[in-house]
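This report introduces a protein structure to a reader who has not met it before. It proceeds from the strands to the helix that packs on them, and then to the interior.

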Amino acid sequence: MPVSGLPPYDSQNIFARILRGEIPARTIYQDDFAFAFHDINPQAPTHVLVIPKGGYCSFADFSATATEAEIAGFIRAVGKIAKDLGLEEPGYRLLANTGEHSGQEVAHFHVHLFAGRPLGRMIPG
C-alpha cells in the first residue's frame with residue numbers, strides 16, 4: 001500500500017526494524033551512513049535496497065533535513081555498492097520512490113539498485 005513519504009517518521013516501519021536487527025536481512029554493505037541488503041521480492045537478477053541509517057521518510061525529507069555528511073556518505077555508499085557488485089560496466093538503474101503516486105511502500109527513504117539484465121524503458125510507454 002503506497003505511503004505519503006511525508007513526516008513524521010514512523011520508527012516501526014520495516015526498514016527501521018531491519019536497522020535495529022529486529023528483522024533479518026541479507027546484508028551486502030554497511031557503514032556509518034548506509035545499510036544495503038537484497039530485496040526479498042527481486043524485480044531483476046540484482047535487486048538491492050540501500051537505506052540511510054537515519055530516520056528519513058523519503059528523498060524529499062532526506063535531501064531537506066539530513067546533514068551534509070549523511071547525504072555525501074549515503075551517495076558514496078550507493079556508488080561503492082554498485083562498483084563492488086561489478087555493475088558499472090554492464091550498467092544498472094537507481095530508483096527512489098517518493099509518495100503515493102510513485103508507489104512508495106515503506107516510509108523510510110531508500111534506493112533500489114537494479115541490474116543483471118537489460119532493463120528496458122524507465123517508464124513504460
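In β5, Leu 113 is the bridge partner of Val 48. This pairing, taken from a predicted model, belongs to a longer contact between two strands: β3 and β5 pair in the antiparallel sense over five bridges.

**The sheet**

On its other side in the sheet order, β3 adjoins β2, within an open sheet of five strands arranged as β1-β2-β3-β5-β4 with antiparallel pairing. The strands β1 (27-30) and β4 (93-95) stand at the edges, each with a single partner strand, so one side of each has no neighbour in the sheet. On average, neighbouring strands are turned by 20 degrees against each other, direction ignored.

β2 and β3 are joined by five bridges in the antiparallel sense. Three bridges join β1 to β2, which also run antiparallel, and a hairpin connects these two strands through three residues. The table lists residues that face each other across these pairings.

| Residue | Opposite residue | Strand of the opposite residue |
|---|---|---|
| Thr 27 | Phe 37 | β2 |
| Ala 34 | Pro 52 | β3 |
| Ala 36 | Val 50 | β3 |
| His 38 | Val 48 | β3 |

Both β2 and β3 are well covered. Six of the seven residues of β3 are buried. Four of the five residues of β2 are buried, so β2 is largely enclosed by the rest of the structure.

**The helix on the sheet**

Which strands does α3 touch as it packs on the sheet? The helix touches β1, β2, β3, β4 and β5, and its direction makes about 160 degrees with that of β3. α3 has 17 residues and reaches 24 Å from its first C-alpha to its last, close to the 24 Å expected at 1.5 Å a residue. After the helix comes Gly 86, whose phi is positive, near 75 degrees.

The buried residues of α3 are Gly 73, Phe 74, Ala 77, Val 78, Ile 81 and Ala 82. An α-helix has 3.6 residues a turn, so residues three or four places apart point the same way. The buried residues of α3 pack against β1, β2, β3, β4 and β5, and also against α2 (59-65).

Ala 77 offers a view of this packing from a single position in helix α3. Why does Ala 77 count as buried? Its relative accessibility is 1%, and buried means under 20%, so Ala 77 falls within that class. Leaving aside neighbours within four places in sequence, Ala 77 is in contact with Tyr 29, Asp 31 and Ala 34. By way of contrast in position, Ala 77 and Arg 117 are 40 residues apart in sequence and 22 Å apart in space, C-alpha to C-alpha.

**The nonpolar cores**

The largest nonpolar core has 18 residues, and Val 50, Phe 74 and Ile 81 have the most contacts inside it. At least two residues of this core come from each of β2 (34-38), β3 (46-52), α3 (68-84) and β5 (111-115). The greatest contribution is that of α3, with five residues.

Val 50 shows how these elements meet. Not counting residues up to four places away in sequence, Val 50 touches Ala 34, Phe 35 and Ala 36, together with Phe 74, Val 78 and Ile 81, and also His 110 and Val 111. A second, separate core holds seven residues, including Phe 15, Ile 18, Phe 37 and Leu 49.

**Aromatic residues**

How many aromatic pairs does a search of the whole structure find? The search finds seven. One of them is formed by Phe 35 and Phe 37, whose rings are 5.6 Å apart centre to centre, with 45 degrees between the planes, a tilted arrangement. Phe 35 and Phe 37 are both buried. Elsewhere, Tyr 56, Phe 59, Phe 62, Phe 74 and Phe 109 form one aromatic cluster. Phe 74 of this cluster is also among the residues with the most contacts in the largest nonpolar core.

Notes: Residues numbered from 1 in each chain as written. Predicted model: local features only at pLDDT ≥ 70, side-chain atom pairs only at ≥ 80, totals over all residues. Heavy atoms only, no water. Core = buried A, V, L, I, M, F, W, Y, C linked by side-chain atoms within 4.5 Å. Buried < 20%, exposed > 50% of the residue type's maximum accessible area, 1.4 Å probe, protein only. Contact = heavy atoms within 4.5 Å. Pairing = 2+ DSSP bridges. Axes fitted to C-alpha atoms, helices over the stretch in contact; angles between N-to-C directions. Phe/Tyr/Trp six-rings, centres within 6.5 Å; stacked < 30°, edge-to-face > 60°. Expected span 1.5 Å × (residues − 1).
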